[in-house]
Every structure is written in structure tokens, then in C-alpha cells.
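Student: I would like to test some structural labels against their definitions. Can we go through them one at a time?

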Amino acid sequence: MLGPRLPSPLAQVRDERFGRHGVALLLKRDDLIHPDLPGNKWRKLAPNLAEGDGRPVLTFGGAYSNHLRATAAAGRLLGFPTVGVVRGDELADRPLNPSLARCAADGMRLHFVDRGTYRAKDDPRVLAALLERFGDARVIPEGGSNARAAHGCTELGRELRGRTEVAAVACGTGGTLAGLAAGLDPAQAALGVAVLRGGFLADAVRDLQREAFGGPAGRWSVEDRFSFGGYARTTPELHAFAEDFEDRHGLPVERTYVAKLLYALTALAREGAFAPGTRVTAVITGRPEPEAARHPPRS
């Protein structure tokens with residue numbers, strides 16, 4: 001059994017970078033939901049795995065994908081095979097990085113494909129070829145983001161009703177933001193901080209809400225300025241910010257998503273984006289891997 005800790009804790013932290021503007025910063029500790037499936041990964045995967053039919057699960061991700069790690073862990077815990085289709089066939093002959101090594105240790109079969117094939121992963125012909133190779137499997141999209149995942153993340157919004165004015169989350173594929181916004185009260189707003197380049201996130205959220213809820217749901221917006229070069233990339237500035245936040249608040253800061261979220265909220269507070277008296281909640285969706293914390297990827 002997965003045994004999640006729900007609702008996840010919510011606590012205010014004192015940070016003068018927010019306080020001097022009359023803004024309160026709260027942390028929604030979704031990273032504490034489950035030791036192997038923290039945060040939005042549990043909320044998105046649980047409804048996708050509810051059938052529990054034992055079939056293999058095939059899903060997609062990059063070399064540092066938190067979603068691949070969470071899916072592999074779920075397979076180990078619940079006893080079903082997992083296949084991870086990994087972007088970048090050049091990785092096949094290299095030693096596995098810590099993230100992919102964790103997937104393999106949890107029993108995930110890794111299949112590396114070239115980037116052109118990966119971009120076409122939703123093409124029925126590409127999917128058919130994968131299923132022919134790996135057999136009958138349930139397919140979960142990249143990042144776990146689909147209508148079921150969006151429905152799963154509505155509970156995150158419900159847990160925050162009446163407790164914040166703005167709920168912010170770092171976003172890769174948009175499923176968490178789509179559900180979070182739908183679960184909040186109409187007076188509350190959801191903010192998604194994109195960790196990938198490309199400006200596609202708003203369209204992805206609209207598509208997911210249309211699929212899950214039949215149309216727009218809740219008040220939400222997207223901030224595209226804080227990807228720091230793209231997914232799994234960082235800079236010395238971001239790394240220094242994350243270390244400082246850790247020192248201030250005793251919170252281990254995951255670099256791929258959480259550091260970018262917290263940096264963005266700090267910058268937005270400085271810019272006056274939040275009115276005095278606003279409570280801003282940062283959804284902490286994961287914890288850093290020890291190796292990643294010591295050796296963050298550089299741009």
C-alpha cells in the first residue's frame with residue numbers, strides 16, 4: 001500500500017523578502033506525502049493507477065524525470081512492471097545518472113529513443129510500435145499529466161480553500177496547475193511557474209482542463225520567465241538562491257522545480273506583483289536527491 005500522508009502540512013515561514021511588502025509566504029509540504037512518491041507525483045499517479053490490474057505501465061520522461069522515478073517506485077511498491085521511454089538515444093551507451101539509476105534499481109526497464117521519435121511519442125504509429133515491443137501496457141503520458149491526473153490534483157486546491165489568496169506551483173507539463181486551479185475557491189488564484197522553455201504551458205493547461213472538466217476551471221496564470229535555461233538546468237545564481245533559502249528556513253530545496261518556484265515568487269514579491277495582505281502559498285512538490293544537491297546540473 002502507498003499510505004499517503006494527507007492532507008499535507010501547511011505552514012507560514014518568516015521571510016523579510018516577502019514581509020517587507022506585506023506578503024506572507026506559506027509552504028504547502030506536498031514533498032511529505034510519501035517518501036517515494038512525493039507531492040504532485042502521488043496526486044497525479046494515484047488516479048492513473050487506481051485500476052490496479054497488474055498490467056505493465058509504460059511512460060515517458062527525460063534523463064532527470066521525477067515522473068519516471070515516481071512511476072518506477074510505484075511499480076516496486078505495488079508489484080507491476082514499468083517501462084520508461086527516455087528522451088535521448090545518445091544516453092543508451094553512457095553510465096546511468098543517479099535519477100535513471102534509481103529507476104533501474106526499482107525495476108524499470110529503460111528504453112532510449114532519439115529526440116525526433118520522442119517528440120512524436122503521441123503519434124499512434126509510435127505508440128503502436130512501443131506496445132508491439134513491450135506488450136500490452138497502460139500508457140501514462142509524460143509527466144503523468146492527463147485528465148485523471150488533473151482530477152487527482154483538484155484535492156490539492158481543496159486543501160488550500162480559505163487558507164491562501166495565491167497558490168503557486170512549478171510546472172512541467174501542466175497537470176498539477178490544471179487541477180489545482182479547479183480545486184480552489186473562485187476568489188483564489190493559482191500561479192504556474194514554468195520550468196521548461198517554449199511558452200507552451202498555458203495551452204497545455206487549457207487542453208487538460210477541457211479534457212478533464214469540459215472547459216476552463218478556476219483562476220490561473222502562467223509565469224514563463226524563470227526556466228533558467230530549461231528543464232533540469234540551473235545557474236550559479238539559482239543554486240546560490242537555493243542554498244540561501246535552505247539556510248534561512250531549514251528546507252532542502254529541490255533544484256529542478258522547487259528552486260525555480262521559490263526564486264520566481266521572491267522576484268514577483270520584489271516587483272510588487274502581490275498586494276499587501278496577500279498570503280502566497282508555494283507548493284513544495286519534491287525533495288532534492290543527495291547527488292543533485294551536491295552537483296546540480298549547469299546550463
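**Labels and their criteria**

Tutor: Start with a parallel pair: strand 8 and strand 9 (residues 219–223) run parallel and are joined by 5 bridges. This is a predicted model, in which local features need pLDDT of at least 70, side-chain atom pairs count only at pLDDT 80 or more, and totals for chains, interfaces and linings use all residues. Residues are numbered from 1 along each chain as its sequence is written, and side-chain values use heavy atoms, with hydrogens and water left out.

Student: What makes strand 8 and strand 9 a pair?

Tutor: Two strands pair if DSSP finds at least two bridges between them. Strand 8 and strand 9 have 5 bridges, so they pair. Gly192 stands opposite Val222 in strand 9. Strands themselves are DSSP runs (E, at least two residues), as are helices (H or I, at least four), numbered from the N terminus.

Student: Which strand is joined to strand 8 by 6 bridges?

Tutor: Strand 7, which runs parallel to strand 8. Here Ala168 stands opposite Leu191 in strand 8.

Student: Why is the crossover from strand 8 to strand 9 called right-handed?

Tutor: The chain passes from strand 8 through helix 9 to strand 9. A crossover is right-handed if, with the strands pointing away from the viewer, the path from the first strand over the helix to the second runs clockwise. This crossover is right-handed. Strand 7, helix 8 and strand 8 also make a right-handed β-α-β unit.

Student: How do you know whether strand 8 is enclosed or not?

Tutor: Buried means under 20% relative accessible area, exposed over 50%, partly exposed in between (1.4 Å probe, protein chains only). In strand 8 (residues 189–194), 6 of the 6 residues are buried, so the strand is largely enclosed by the rest of the structure. Both faces are covered: Ala189, Leu191 and Val193 on one side, Ala190, Gly192 and Ala194 on the other. In a regular strand the side chains alternate between the two faces of the sheet.

Student: Why is Glu16 called partly exposed?

Tutor: Glu16 has 43% relative accessibility, so it counts as partly exposed. Glu16 lies in helix 1 (residues 16–19).

Student: What makes the lining of the largest pocket 19 nonpolar, 16 polar and 14 charged residues?

Tutor: Ala, Val, Leu, Ile, Met, Phe, Trp, Tyr, Cys and Pro count as nonpolar, Asp, Glu, Lys and Arg as charged, and the others, Gly among them, as polar. A pocket is an open set of points on a 1 Å grid over the protein atoms alone, where a 1.4 Å probe fits, with protein on both sides within 12 Å along at least five of seven lines; lining residues have an atom within 4 Å of a point. Helix 9 gives the most to this lining, with 4 residues.
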